[in-house]
Amino acid sequence: EIKNPWHTELIQERLRLMDPKMQLKMVLCVTTVLSSSGTGGNSRYGEDDSLAGVIFLHGLGASIGPNELCEAVSRSEFGLGLSERTIIRCPKAKYQPVGILPPTLIPDLRSARSWFNFWMMPADSVLSPTPGESKDELAAALLIVEEEIEDLMRMGVPSRNIVVGGCSQGGALTLYTAIHSNYQLGGFLPIVTWLPLLQVEPPIDLPFWPVNQHTPIFHMNGMADIIVPVWPAGKKTEAAMNEVFTQYTFNPIPLTTHATTFPNPATMPILKRWLKANTNLKFKDAPQSISESLFSGFSGLLGLGR
């Protein structure tokens, strides 16, 4: 009887029956599991399960400061109502050139706070066989996110209690993190966004299974969004993610645009309810907020939160 599922003979038998691509995925998956059960993962740090963390990534060219963004997302009247036991991080991207911005006579006006360079609109990118985003800059931005994850872990937050979210370009980096992060996290919250490099490196064709393959992901886009339209950007992303991720959900919101999907008193209760049901974030013990009261009255009419 084989008691250890990673027994060498069992692995060899499984590999023998797989095609070469699946063999490579299995080897990398086993390596990840074994390394995380040894000296990797959270075992380097003391864990305090009463703590949680949120890393929220802004969109292209955000002018709001990180403190104001964190407050708006987490603890304002129309925020998520997170308690002080949930540590909020809102890192800020550096100014750099962005190919999607229109050319001007002043070169500096083509630069903005940006996580990575991209030169195609999302609706074009998800259909294009050539890259619409910089792979190198996505990888560099991922390192910034992982530094935030590691800092939270050093503070005692278990990785399973950390949620990464973001809007627009920050949401694209959130999806990229879900695929490529070395850490098994507690959830992902991509909003009004698309999957970068979708046709160039679709998740199903990557030579590994993501560490977060079974981590809950809640993707929300606005049905009136013309910058990241539900079709094709949202639906193509949904199809690609569903091929690999077992707990991915795509939720298009009626009537909302790129700017009004989040934060929004009608959608914040949807996000809060999902986070409470699917993650380990810590919330305030408080009466129903104004936004939740409004949501209760109109959700059925608008078909929200299904």
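Which residues is isoleucine 217 in contact with, leaving aside its neighbours within four places in sequence? I started my look at this predicted model there. I found Leu175, Ala178, Phe188, Pro190 and Met241 on the list of contacts. I also noted Phe245, Gln247, Tyr248, Thr249 and Trp274 in contact with isoleucine 217.

**Entry: cores**

I next looked up the largest nonpolar core, which has 44 residues. Ile217 turned up again, since the members that touch the most others are Ile149, Ile162, Trp194, Ile217 and Met241. I then checked which elements feed this core: E1, helix H5 (135-154), E5, H6, helix H7 (230-242) and strand E8 (248-253) each supply at least two residues. H5 gives the largest share, seven residues. There is also a second, separate core of 26 residues, and I jotted down Leu80, Cys90, Val192 and Leu275 as being included in it.

**Entry: helix H6**

H6 supplies at least two residues of the largest core, so I wanted a closer look at residues 169-180. Is H6 enclosed or open to the outside? I get 12 of the 12 residues buried, so H6 is largely enclosed by the rest of the structure. The buried run goes from Gln169 through to His180, with Leu175, Tyr176, Ala178 and Ile179 among them. Two of these names, Leu175 and Ala178, I already had from the contacts of isoleucine 217.

I also checked the length of H6. At 1.5 Å a residue, its 12 residues should span 16 Å, and the end C-alpha atoms are 16 Å apart, so the two agree.

**Entry: cavities**

How many cavities of 30 Å³ or more does the structure hold? I count two.

The largest has a volume of about 60 Å³. I listed its lining as Val54, Phe56, Val73, Leu80, Val163, Gly165, Leu189, Phe262, Leu275 and Leu281. Strand E1 (52-57) and strand E5 (162-167) each supply at least two of these lining residues. By class, I have nine nonpolar, one polar and no charged. Leu80 and Leu275 line this cavity, and both are also included in the second core.

The second largest cavity has a volume of about 40 Å³. Tyr176, Ile179 and His180 are in its lining, and I had all three down as buried residues of H6. The rest of the lining is Leu195, Pro196, Leu197, Glu201, Pro202 and Pro203. Here the classes come out as seven nonpolar, one polar and one charged.

How values were computed:
Residues numbered from 1 in each chain as written. Predicted model: local features only at pLDDT ≥ 70, side-chain atom pairs only at ≥ 80, totals over all residues. Heavy atoms only, no water. 1 Å grid on protein atoms, 1.4 Å probe; cavity = no way out; pocket = protein on both sides within 12 Å on 5 of 7 lines; lining within 4 Å. Points joined across faces, edges and corners; volume = space filled by probe spheres on them. Helix = DSSP H or I, 4+ residues; strand = E, 2+ residues; numbered from the N terminus. Nonpolar A, V, L, I, M, F, W, Y, C, P; charged D, E, K, R; others polar. Expected span 1.5 Å × (residues − 1). Buried < 20%, exposed > 50% of the residue type's maximum accessible area, 1.4 Å probe, protein only. Core = buried A, V, L, I, M, F, W, Y, C linked by side-chain atoms within 4.5 Å. Contact = heavy atoms within 4.5 Å.
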